[in-house]
Amino acid sequence: MSPTEVRPASPTIPAPRTAADDAGPGIPPAAVADLRSRVHGPVYAAGDEGLAAEVFAWNVAVRHTPAVAVGATCAADVAAAVSWAVAHGLPVAVQATGHGPVRNAAGSVLVSTRRMQGVTVDPGRRTARVEAGVKWEKLLAAAAEHGLTGLCGSSSDVGVVGYTLGGGMGSLGRRFGFAADAVVSFDIVTADGALRTVCAESEPELFWAVRGGKGNFGIVTSLEIELVPVRSIVGGGIFFAAEDAAAVLHAFRTWAPTMPEEVGTSIAVLRLPPMEELPEPLRGQTVVHLRYSYCGDDLAEGERLVEPMKAAGRIVLGFIGPLRTTEMDAVHMDPKDPMPGWEKGMLLAELTEETVDAFLAAAGPQVEVPLVMAEIRMMGGALARQPGAPNAVAGRDAAWSVLVLGPAVPELADVLPHVGRGVLSALAPWAAPGCMVNFLGDVAGPAEVAAAYPPPVAERLLELKRAVDPRGVFSFGYALDPRG
């Protein structure tokens, strides 16, 4: 790639003002031109046409205003962008799909990895190598050709890398563990601009920390992950009438813990908008949604196990039956279109009769709250066990997770966080320590991120952060403060 030619301004006629002039405090146009000469992908400075589209987040509640955005096409682009940012004293942010931004990456060098789309499946080793911009739906389709699948979450529309680095708890988790547990190796660009290939043998401490430490230690440009030999599951969801919410949730409380590890399940109170895209029985309704998946070998057993829940209340709509692994989105039915969202999660040590009553009192159908979803998800099984090469994933000691989600529209900006946190506060008597990092949602700062982990894990992560990123180059997202 030939460098971009930069011509000096005339000594008597001022150079025309360009978007690069607005790239940020102290960033001269020549510096932006230099960055463009180093990377294969596009570079946008503040004010450039195309910047907004490059940094657009799926969660449209967050609108990024970086000083510079780099559309990386390969690991070398990422390394060049990080080196350039450090040389100019700028922090670095990264985004693939924008499903989980925490806050505006203002003033940063934002590296967009969505063009990095490589996927290679090795059926003999039951592994896949995926680049940083790949969504789960692409990986699941490639793996399914070989009778394999990956540990996807509730939606295949999210990116593999970001989801996995935060832990990644999906429908198959109780049998196979967190997505981070399946990582064999990864390539990462650290704050020194170096591209490292990391595995349990090469750099064990960094291998431990990145799997669960999210984006604290650099930008992961590719992952090698183990796949599991699952071709199909029994799965889907059942929507119950709002008036039966108490009966259904109490039935769930006693039924779910009797399930084998092959079963993944959650239950949620959903307040659905009056959208034409929704089936008529659900349009504009409040319902209780049972989510269910069974990944054992006996599919008939998977259908039998869920039968008791079908009698728990009046069914408005629903289907549970055989699904291909490429159809697992049917379990949670998460939206795919971009939307503004505010979310917050917590962990529970137990789910008692009193817990369910408190949950219903705070978020049940009879309460007028601006929440789209309030979910309780069962954990345990392989999620409670460390993999062969231990990692920093938070939340293993919990029995249940809770997540609340609402529409982050301007008119609810002050109300929604108060209501959402209020629901979680009502469940505080049954809380387990910490939180799953991917479910932290809106955070007050690095101290709240550190509190998501057990104290010894948090201190170990901070020690490595001080060694690998002492200046806090990677300070966006769920970042720890190396000075903390």
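Here is a short chat about burial, strand pairing and charges in this predicted model.

Me: Why is Glu 54 called buried?
Reply: Its relative accessible area is 2%, and buried means under 20%, so Glu 54 belongs in that class.

Me: How do you know that Glu 54 and Arg 114 form a salt bridge?
Reply: The N to O distance between their side chains is 3.0 Å. A salt bridge needs a side-chain nitrogen of Lys or Arg within 4 Å of a carboxyl oxygen of Asp or Glu, so this pair qualifies. Glu 54 sits in helix α2 (residues 51-54) and Arg 114 in the loop between β4 (109-112) and β5 (119-122), 60 residues apart. Arg 115 joins these two in a network of salt bridges.

Me: Is Arg 114 buried, partly exposed or exposed, and what makes it so?
Reply: Arg 114 has 36% relative accessibility. Partly exposed lies between the 20% and 50% limits, so Arg 114 counts as partly exposed.

Me: What makes Glu 224 and Arg 125 a salt bridge?
Reply: Their closest N and O atoms are 2.6 Å apart, and the limit is within 4 Å, so the pair counts. Glu 224 belongs to strand β9 (residues 219-226) and Arg 125 to the loop between β5 and β6 (127-131), so parts that are 99 residues apart in sequence are tied together. With a relative accessible area of 13%, Glu 224 is buried.

Me: How do you know that Glu 375 and Arg 291 form a salt bridge?
Reply: Here the closest N and O atoms are 2.7 Å apart, which again satisfies the rule of within 4 Å. Glu 375 lies in strand β15 (residues 373-378) and Arg 291 in strand β12, 84 residues apart. Both Glu 375 and Arg 291 are buried. In the whole structure, a search finds 25 salt bridges.

Me: Why is strand β10 described as largely enclosed?
Reply: Nine of the ten residues in β10 (residues 232-241) are buried, so the rest of the structure largely encloses this strand.

Me: What makes β13 and β12 pairing partners of β10?
Reply: Pairing takes at least two bridges. Nine join β10 to β13 (residues 315-324), and eight join β10 to β12 (residues 286-294), so both pairs pass. Each pair runs antiparallel. Ile 238 has Gly 318 as its bridge partner in β13, while Gly 236 stands opposite Tyr 292 in β12.

Me: Why can Glu 350 be part of a negative surface patch?
Reply: Patch residues need over 30% relative accessible area, and Glu 350 has 40%, so it meets that requirement. The patch also includes Glu 353, Glu 354 and Asp 357.

Technical notes. Residues numbered from 1 in each chain as written. Predicted model: local features only at pLDDT ≥ 70, side-chain atom pairs only at ≥ 80, totals over all residues. Heavy atoms only, no water. Buried < 20%, exposed > 50% of the residue type's maximum accessible area, 1.4 Å probe, protein only. Helix = DSSP H or I, 4+ residues; strand = E, 2+ residues; numbered from the N terminus. Patch = residues over 30% accessible without salt bridge, like charges linked within 9 Å, V, L, I, M, F, W, Y side chains within 5 Å. Areas by Shrake-Rupley, 256 points an atom, 1.4 Å probe, with all protein chains shown as cover. Lys, Arg positive; Asp, Glu negative; His and termini not counted. Charge placed at Lys NZ, Arg CZ, Asp CG, Glu CD.
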